[in-house]
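Take a moment with the sequence and the model. We will walk through a few features, one at a time.

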Amino acid sequence: MDVSPAADLYFVGDLTDPWVARLAAALPGTVGRLQAGECLPRPWPEPVVKAQAVILHRTWLTNLDAERVQSLRNKASGTPRILLCTGLLPRYHELERWVPLVDRIAPETLAPGLLWRWLCPVATATGLELPPRGPRPTVAIVSRVHEIRSLLSEIVRGAGYPVQTGRQWSDVAPRIPALWDVPVLDSGWELELRSQAATRSILSLAGFLDRSLAVQMMDCGSWGVLDLPGDPADLLWLLERLNAAPADVRVHPKHDHPTGPHPTLSLTASAPTTMASDSRAS
């Protein structure tokens, strides 16, 4: 079925990057897409200006792109909500400039379902925003750090889930779903993850989560991955999905996820490929 490019929701990013393309493809077909490689467009296409919400993926945070996001803010009469999705490359002083320009900054490893939930929260208010629908399964929380176990336990118990905690897997019951603070600096965590994922669903948690580490965890059998520290609402939304979905349905798309029939805008005037004012971090 043909879909008009005049969508209410948009994903803007370099769709030639396989990681970015998979994020966009995992969103519903009603979400429009705009290819933006080296830099963001000038001027912005009218459908994006009139959109309700936009996910903007940028690997590099440049001064030029920041100026063009500001121009979108200035031009739009009903300013779209903007989520900046980025990786580990930007430095703190670069992110600081973008804070007032966007409504939220999220890691590019965030599950596509969470991106969709942010884009269209009313359409996906199934579980997290409503009272508990019945008994929750017991969830194991495994971490070598006492403070992390305590924090995760408080969040999960507050959502109505019984909790078992432990420093290691032998401290919790077998086969029940688990949150694991993965000790990624230790050798052998991959074998440990493969072994546990063979008998239970695991949401793997790690600080400074990047593409490579996320792919490793998914290849080892993780049901999903989430950055630490993260938004408690994101964690609970993923728990709701874990509780509702079959064990073999992953929250992140497979590496060979197809691109899908999203409406894609074509710019009549392409942005320059070389920019003297492009201030990338060295």
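Which residue lies over the face of tryptophan 237? Arginine 241 does, at 4.6 Å from the ring centre. Keep in mind that this is a predicted model. Tryptophan 118 also has an arginine over its face. There the partner is arginine 81, and the distance to the ring centre is 4.3 Å. What about rings paired with rings? A search of the whole structure finds one aromatic pair.

Now turn to a sheet. Strands of a sheet pair through backbone hydrogen bonds, and the pairing can be parallel or antiparallel. In this open sheet there are five strands, and their pairing is parallel. Read across it and the order is β7-β6-β8-β9-β10. Which strands stand at the edges? They are β7, residues 163-166, and β10, residues 224-228. Each has a single partner strand, so one side of each is left without a neighbour in the sheet. Neighbouring strands are not perfectly aligned: on average they are turned by 20° against each other, direction ignored.

Zoom in on one pair inside the sheet. Strand β8 covers residues 178-181, and strand β9 covers residues 202-207. The two run parallel and are joined by four bridges. Look for aspartate 181: it stands opposite leucine 205 in β9.

Helices pack on this sheet too. Helix α6, residues 146-158, touches β6 (139-142), β7, β8 and β9. The direction of α6 makes about 175° with that of β7. Another helix, α8, lies across β9 and β10. Its direction is at about 140° to β10.

Stay with α8, because it also packs against α7, and the angle of about 40° between them makes the two helices oblique to each other. Helix α7 spans residues 189-197, while α8 spans residues 211-219. Their axes are 9 Å apart. Which residues of α7 meet α8? They are Trp189, Glu190, Leu193 and Arg194. On the α8 side, Leu213, Gln216, Met217 and Asp219 take part. By class, this contact has four nonpolar, one polar and three charged residues.

Finally, check some backbone details in the loops. Where does a cis peptide bond join an arginine to a proline? Look at arginine 42 and proline 43, where omega is about 0°. Proline 43 lies in the loop between β2 (31-35) and α2 (46-49). The peptide bond from leucine 228 to proline 229 is cis as well, with omega near -5°. Proline 229 belongs to the loop between β10 and α9 (232-244). One more loop is worth a look: the one between β7 and β8, which holds arginine 175. Phi of arginine 175 is near 75°, a positive value in a residue other than glycine.

Note on methods
Residues numbered from 1 in each chain as written. Predicted model: local features only at pLDDT ≥ 70, side-chain atom pairs only at ≥ 80, totals over all residues. Heavy atoms only, no water. Axes fitted to C-alpha atoms, helices over the stretch in contact; angles between N-to-C directions. Parallel < 35°, antiparallel > 145°, perpendicular 65-115°, else oblique. Contact = heavy atoms within 4.5 Å. Nonpolar A, V, L, I, M, F, W, Y, C, P; charged D, E, K, R; others polar. Phe/Tyr/Trp six-rings, centres within 6.5 Å; stacked < 30°, edge-to-face > 60°. Lys NZ or Arg CZ within 6 Å of the ring centre and 35° of its normal. Pairing = 2+ DSSP bridges.
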